[in-house]
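User: I've got a model open and would like to talk through its fold. Can you take a look with me?

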Amino acid sequence: MTKILVADDEAALRGALDIILRKAGYDTCMATEGAQAIEVFMQQRPDLVILDVMMPRLSGIEVCEALRAISPEVPLLMLSAKGAVSDKTCGLRAGADDYVVKPFDDEELLLRVEALLRRRGMVADGPKKLTEPVTIGDLTIDPLRCEVTLGGNVVSLTPKEFQILTLMADNIGRVFTRDDLIEAIWGEEYEDSNISIPVYIRRIRMKIEPDPSNPAHLKTVWRFGYRLE
């Protein structure tokens with residue numbers, strides 16, 4: 001079972017996170033302050049860490065830097081009541097993979113946790129490659145023929161549009177963040193100034209959705225990413 005370390009000095013929040021994470025199928029371990037968070041991490045070796053920024057003895061920023069030195073690959077998510085750009089920048093520069101402002105939505109937090117864990121798997125093993133045709137309603141994605149058909153008619157997609165669609169077809173129902181798609185499809189080739197993921201998603205919808213403004217298959221998960229249903 002995937003284990004998540006929660007480090008926060010507020011007992012109520014620790015309890016709430018414990019309930020949220022366990023209901024979602026995760027195991028948890030807890031720390032009430034910064035120094036203890038490092039000790040628990042060394043003992044338990046969790047798969048992901050959720051850190052409060054403001055903690056006694058050592059702050060979340062200091063813990064983040066320490067854990068990054070110990071385990072460069074472990075996903076780190078920071079929680080903070082401070083939502084200013086400068087605060088987020090400080091956390092991300094310390095090594096955090098994501099930054100969530102309190103109060104947070106339970107579903108959004110779980111989606112962010114899932115994305116961080118999935119991204120860790122993608123970095124280690126690479127995204128899975130679709131090898132068999134996938135049919136969703138009247139939409140068929142055939143990776144061997146590099147062909148997509150809608151109601152029996154071939155859909156003309158660019159190579160990148162096809163790669164995005166096949167990646168998502170091999171992970172039906174999974175939410176892909178912008179960074180997930182960039183990492184899997186472009187890697188080091190990606191240039192933020194020249195490529196827009198929302199533009200690619202809109203173009204794909206124009207080609208595969210009967211009503212692109214109300215998509216039936218390629219859905220937007222608000223404030224998070226996209227998934228194929």
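User: How many bridges join β11 to strand β12?

Analyst: Quick heads-up: this is a predicted model, where local features need pLDDT of at least 70, side-chain atom pairs count only at pLDDT 80 or more, and totals for chains, interfaces and linings use all residues. Residues are numbered from 1 along each chain as its sequence is written, and side-chain values use heavy atoms, with hydrogens and water left out. Strands here are DSSP runs of E, at least two residues, numbered from the N terminus, and helices are runs of H or I, at least four. β12 covers residues 225-228 and runs antiparallel to β11, and the bridges joining them number 4.

User: Which residue in β12 does L218 stand opposite?

Analyst: Two strands pair if DSSP finds at least two bridges between them. Across from L218, in β12, you'll find L228.

User: What is the strand order in that open sheet of 3 strands?

Analyst: Pairing in this sheet is antiparallel. β10 (176-177) and β11 (218-221) each have a single partner strand, so one side of each lacks a neighbour in the sheet and both stand at the edges. That gives the order β10-β12-β11.

User: Which helix packs on the sheet touching β10, β11 and β12?

Analyst: Contact means heavy atoms within 4.5 Å. Angles run from 0 to 180 degrees between N-to-C directions, using axes fitted to C-alpha atoms, for helices over the stretch in contact. The helix spans residues 159-169 and makes about 70° with the direction of β12: that's α6.

User: What share of the 229 residues is buried?

Analyst: Buried means under 20% relative accessible area (1.4 Å probe, protein chains only). For the protein chain, that comes to 48%.

Conventions:
Buried < 20%, exposed > 50% of the residue type's maximum accessible area, 1.4 Å probe, protein only.
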